[in-house]
Structures are given as C-alpha cells and as structure tokens.
Amino acid sequence: MESIPLPSSSSSCLLISSSYSISGRPSSTNFYPHRRLRKGQALSVSCDYSCFERLVNILRMYYGGANNRCSTLLFFYGFVEIRDVSYRPPGTKINLLSQVNLSIPEKSFGLIFGRSGSGKTTLLQLLAGLSKPTSGSIYVQRYSDDGEKIKSPELLQPERVGIVFQFPERYFVADTVLDEVTFGWPRQKGGLQLREILALRLQKAITSVGLTGISLDKDPHSLSGGYKRRLALAIQLVQTPDLLILDEPLAGLDWKARADVAKLLKHLKKELTLLVVSHDLKELASLVDQSWRMEMGGVLKREPLPI
Ligand SMILES: Nc1ncnc2c1ncn2[C@@H]1O[C@H](COP(=O)(O)OP(=O)(O)OP(=O)(O)O)[C@@H](O)[C@H]1O
C-alpha cells in the first residue's frame, strides 16, 4: 500500500479505495478541481482504468500542496478472484465447470458470453453462493498499486453479492413496488437509527435505478418491461452489494427498454462491480472492461468480444 506522508496538522484524508474510484472527506471547506466541498461532505470520483493514472496525478498535485488538509493518500484496489473452480452437481459425474479462473477488478464491468448450456449461469450461481464449488475458491483480494497483495484474501460473502436472474419479473411476489423492494426487511419496529439506514438505502436504490417517478404503491406486475428490470435492480441494490451479477439483463425487452437498461448499467458501474452473462454483445460492448468466453464443458477463456 502506498502512503504519502502529508503535514501532521492535517485532519482529514483522501482515500483511493480502488483503481477506479477515489473518495475523500475534507475536514473543512476544500476545493477539488471544479468543485467546492462542504465540511463533512464526501467526495467520490470515479474513472475508468484509462484515466486512473491521470486522476491520481491530479490528486497528488492538488492534495500534495503546502495548504493541503490530507494526512494520507492511500492506494489500493480489490479484485474478485475465482481460482481453479470446478463444479459437479451433487450425485452426478459430469463437471459443469472445469478449472475456471477469473479476476475482476472492483467497479468494473465484466461480461461472460458463450453458447447455451456451456455453464455461464452455473458460474453465476457459485458466485452468489447458491451452490458450492466442488474444488477451487472464490474470494476478494486487495492489492497495492505496485501489485503487492495486501493482507490475506477474504472469502466472498454471499450477502455482499446481488444476483438478478434472467426474467427477474417472474419472481416478483409483492403487490406494491415498496413491498417488493423491502421484502425480507425486519417487520418489527427497529430503532430509529436502523429505520433511518433502511429508509436511506431504499431512497438511494430507487433513485439510482430511476424509479423515482413511479408510485411505490403501484403493482410491480403493471410496470413496463424496462421498469420491471429497474425494479429488479433496485431489489438487489437496496442490499448494498459489492458485486452485482446479472444473467441476461436485456433478454425479452424491446429496443427502447434495452437501451435504457444498458444506460442504467453504465451508471451503476461507477458504484459497484458488475459481472454480466449475456448474448447481447453489441448493446453492452461500450460498457465492457473485460470479457470471457465460456466454452462447452465449462471452460472459461479470457477473450475480446467477437463483434
Ligand atoms: N443440477 C444440474 N445437474 C445436471 N446438469 C445440470 C444441472 N444444472 C445445470 N445443468 C446442465 O449444465 C449445463 C450448463 O447449464 P447453464 O445453465 O449453466 O448454461 P448456460 O451457459 O447458462 O446456458 P444458457 O445460455 O442457455 O442460459 C447445461 O447442459 C445444463 O443442462
């Protein structure tokens, strides 16, 4: 981990939390290029890999000056790693996945494509913790910016993973949008703090998927196809996952809804790691940072999109 010592009188720090996002909390009014920050307001800047280095240099210049208020500038980034994972359903002799390796950086967009029946959904189910690998492991590893591993790998906790299945609207169970999003939340009255946290999470999820114009009393089944997908995303986002996996997010939508969902995914990529299985390569191509082909027999190969 790189740490740049800055004046000891400083009381706030700027933290680079991954190779793609930068966040900080100024202790007093501060200027960030083109932006004034109020006391206590968090700064979050996202960029794709190509602009990361430039952004870091700007931050070094800006926060490295004599009047800066940062005590440290830390660089580290995390990867979700799948190592040598094989999967054979219990009671069978067929390997559906064979020595799969995959590494996806935080806050990036990975896409897995490949023929029907090759094992893509099976891999997503392992990532979501719905089944366990027969061998191999799935974990989160943090690295410093010089590529050194920081502490031991952490197991990828299923509660930190959101999964949106193919045609998620088929699994809607509630009569209102609000009940659908908050399904499974504690029904007893929690403390004020818990209720505030839940209300904030709800508001953030609804806003980030663009459902603010929709009444929370509306029947989820009466929404348009695109809005049903937004709702399915909100249901997952409200759990604040680190990794969101999506199985065929554009399937069955008309062209307008497909374009809307693709735009929404582009927006979500700034906030969390997305791993998507899709046959809709052209529509998602502009979002993709890394792609893999799943070959029959569950063999995964890193490969550019064939378009
Ligand atoms: N529990 C199971 N027992 C035996 N075979 C299974 C089991 N689950 C899935 N399969 C088989 O594993 C193969 C891979 O299925 P999977 O759904 O992962 O493929 P996929 O690449 O996602 O396909 P598609 O693109 O059509 O969704 C298929 O041949 C499927 O029939």
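Within strand E14, Leu275 is the bridge partner of Ile245. This pairing belongs to a predicted model, and it offers a convenient point of entry. Ile245 lies on the side of E13, a strand that runs parallel to E14 and is joined to it by five bridges. Leu275 is also the bridge partner of Gly110. That second link accompanies the pairing of E14 with strand E9 (residues 109–114), which is likewise parallel and extends over four bridges.

The surroundings of E14 may be considered next. Five of the five residues of E14 are buried, so the strand is largely enclosed by the rest of the structure. Thr273, Leu275 and Val277 point one way from the strand, whereas Leu274 and Val276 point the other way, and all are buried.

Helix H5 (residues 225–237) is a further enclosed element. Its 13 residues should span 18 Å at 1.5 Å a residue, and the end C-alpha atoms are 19 Å apart, which agrees. Of these 13 residues, 11 are buried, so H5 is largely enclosed by the rest of the structure. The buried residues include Gly226, Leu231, Ala232, Leu233 and Ile235, and also Lys228, Arg229 and Arg230. Their cover includes strand E12 (161–164), helix H3 (177–181), H4, strand E13 (243–247) and H6. Strand E13, one of these covering elements, is thus also the parallel partner of E14.

A smaller buried site is found in helix H2, where Thr122 lies. Thr122 counts as buried because its relative accessible area is 15%, the cut-off being under 20%. Apart from neighbours within four places in sequence, Thr122 is in contact with Tyr87, Leu96 and Leu97.

Charged side chains form another part of the picture. Side chains of opposite charge can pair when their charged atoms come close. The structure holds 12 salt bridges. In one of them, the side chains of Glu81 and Arg83 meet with N and O 2.6 Å apart. Glu81 is buried because its relative accessibility is 2%, while Arg83, with a relative accessible area of 27%, is partly exposed.

Another salt bridge brings together the side chains of Lys204 and Glu271, at 3.4 Å from N to O. This pair links distant parts of the chain, 67 residues apart: Lys204 belongs to helix H4 (residues 192–208), and Glu271 to the loop between helix H6 (255–268) and strand E14 (273–277). Lys204 has 55% relative accessibility and therefore counts as exposed, whereas Glu271 is partly exposed at 44%.

Lys269 forms a salt bridge with Asp289, their closest N and O atoms being 3.3 Å apart. Lys269 lies in the loop between H6 and E14, and Asp289 in the loop between helix H7 (281–284) and strand E15 (290–295), so the pair ties together parts that are 20 residues apart in sequence. Lys269 counts as buried, at 17% relative accessibility, but Asp289 is partly exposed, at 35%. Elsewhere, Arg230, Lys256 and Asp260 are joined into one network by salt bridges that share partners. Arg230 is also one of the buried residues of H5.

The surface completes the tour. Leu130, Phe165 and Tyr171 make a nonpolar surface patch of about 310 Å². Among these residues, Leu130 is found in the loop between helix H2 (120–127) and strand E10 (135–144). Its relative accessibility is 52%, so Leu130 counts as exposed.

Conventions
Residues are numbered from 1 along each chain as its sequence is written. This is a predicted model: local features need pLDDT of at least 70, side-chain atom pairs count only at pLDDT 80 or more; totals for chains, interfaces and linings use all residues. Side-chain values use heavy atoms; hydrogens and water are left out. Patches are made of residues with over 30% relative accessible area and no salt bridge: like charges are joined within 9 Å, nonpolar side chains (Val, Leu, Ile, Met, Phe, Trp, Tyr) within 5 Å. Accessible areas come from the Shrake-Rupley method with a 1.4 Å probe; for residues, only the protein chains shown count as cover. A salt bridge is a side-chain nitrogen of Lys or Arg within 4 Å of a carboxyl oxygen of Asp or Glu. Helices (H or I, at least four residues) and strands (E, at least two) are DSSP runs, numbered from the N terminus. Buried means under 20% relative accessible area, exposed over 50%, partly exposed in between (1.4 Å probe, protein chains only). The expected span of a helix is 1.5 Å times one less than its number of residues. Contact means heavy atoms within 4.5 Å. Two strands pair if DSSP finds at least two bridges between them.
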